Amino acid sequence: MTEPWAVVIGIGNEFRGDDGFGPTVASEIQKLDLPGVLVILSDGEPTRLLELWADVDLAIVIDAVRGEPSIPGRVRHADIDLLRHFGSASSHTLGLQDALSLGRVLGRLPGRIVVIVVDVATIDPGVGLSEPVAAAVPRAVEAVTTQLRPATGLRT
């Protein structure tokens, strides 16, 4: 096995409705079996995120958010500045924003971070994505593969 040059991190909790979006998308990426791409499911705990992305060129983080205004199923991707405009859908008090701040201080950031988020409809306890968020999974998978395409040789 070669050392990973990229990591795809699906953040979320599959037992809280649409908060399972990140793990769902990450599982779809895992099925592609891309060389040099490590796929991880995460609860978003900051110190674990630092370990996952510290030595890679590219980290792609997939998460569910509460957008303002919220449009359930809307997928957006950008750099880490995108996160400043959203509330986390996670049930944890610490998360990606905290990991980024800590990573800057400790010098433990990857070469580049891309964040892909979906607006949630619900994060109530229960398994399964809402209809609009489930429909967004293929768009998010495409957003991830678009970021990975130059180095992996993925075709459109």
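## Strands, helices and salt bridges in a predicted model

Strands β1 and β3 run parallel to each other and are joined by 5 bridges. In this pairing, A6 has L58 of β3 as its bridge partner. The structure described here is a predicted model, and this report begins with strand β1 before turning to the helices and the salt bridges.

**The chain as a whole**

The chain contains 4 helices and 6 strands. Read from the N terminus, these elements follow the order β-α-β-α-β-β-β-α-β-α. The chain has 156 residues, of which 47% count as buried. Among contacts with a separation of 6 or more, 81% are made by residues 24 or more positions apart. The exposed area of the chain is about 7,800 Å², and carbon and sulfur atoms supply 54% of that area.

**Strand β1 and its neighbours**

How many of the residues of β1 are buried? The strand is mostly covered, with 6 of its 6 residues buried. The residues of β1 point in two directions: A6, V8 and G10 one way, and V7, I9 and I11 the other way. Both groups are buried.

Besides its pairing with β3, strand β1 also pairs with β2, again in the parallel sense, here over 6 bridges. Within this pairing, G10 has L41 of β2 as its bridge partner. Between the two strands the chain passes through helix α1, residues 21-30, and the resulting β-α-β crossover is right-handed. Further along the paired strands, I9 stands opposite I40 of β2.

**Two helices with a buried face**

Helix α2 spans residues 46-53, and its buried residues are P46, L49, L50 and W53. Viewed down the axis of α2, these residues fall within an arc of 105 degrees, and therefore they line one face of the helix. The spacing of such residues follows a general rule: an α-helix has 3.6 residues a turn, so residues three or four places apart point the same way. The cover over the buried residues of α2 includes the strands β1, β2, β3 and β6, together with helix α3.

Helix α3 can be described in the same manner. Its buried residues are L96, A99, L100 and G103. Because they cover an arc of only 100 degrees around the axis, they lie on the same side of α3. These buried residues pack against β1, α2, β3 and β6. Just after α3, residue G107 takes a positive phi of about 65 degrees.

**Salt bridges**

Side chains of opposite charge can pair when their charged atoms come close. The structure holds 7 salt bridges, and the table lists three of them with the distance between the closest N and O atoms.

| Residue | Partner | Closest N and O atoms |
|---|---|---|
| E28 | K31 | 2.9 Å |
| R48 | D43 | 2.8 Å |
| D119 | R74 | 2.6 Å |

Which parts of the chain does the pair of D119 and R74 tie together? D119 belongs to strand β6, whereas R74 lies in the loop between β3 and β4, so the pair ties together parts that are 45 residues apart in sequence. Is D119 buried or exposed? Its relative accessibility is 0%, and because a residue under 20% counts as buried, D119 is buried. Its partner R74 has a relative accessible area of 23% and is partly exposed.

The other two pairs in the table may be examined in the same terms. E28 has a relative accessibility of 31% and counts as partly exposed, while K31, at 62%, is exposed. In the remaining pair, R48 is partly exposed at 45% relative accessibility, and D43 is partly exposed at 30%. The residues R48 and D43 also belong to a network of salt bridges in which D43, E45 and R48 are linked.

**Summary**

In this predicted model, strand β1 is mostly covered and pairs in the parallel sense with β2 and with β3. The buried residues of α2 line one face of that helix, and those of α3 lie on the same side of their helix. Both sets are in contact with strands, including β1: β1 is part of the cover over α2, and the buried residues of α3 pack against β1 as well. Among the 7 salt bridges, the pair of D119 and R74 ties together parts of the chain that are 45 residues apart in sequence.

Conventions
Residues are numbered from 1 along each chain as its sequence is written. This is a predicted model: local features need pLDDT of at least 70, side-chain atom pairs count only at pLDDT 80 or more; totals for chains, interfaces and linings use all residues. Side-chain values use heavy atoms; hydrogens and water are left out. Buried means under 20% relative accessible area, exposed over 50%, partly exposed in between (1.4 Å probe, protein chains only). The arc is that of the directions from the helix axis to the C-beta atoms. Contact means heavy atoms within 4.5 Å. Two strands pair if DSSP finds at least two bridges between them. A crossover is right-handed if, with the strands pointing away from the viewer, the path from the first strand over the helix to the second runs clockwise. A salt bridge is a side-chain nitrogen of Lys or Arg within 4 Å of a carboxyl oxygen of Asp or Glu. Accessible areas come from the Shrake-Rupley method with a 1.4 Å probe; for residues, only the protein chains shown count as cover.
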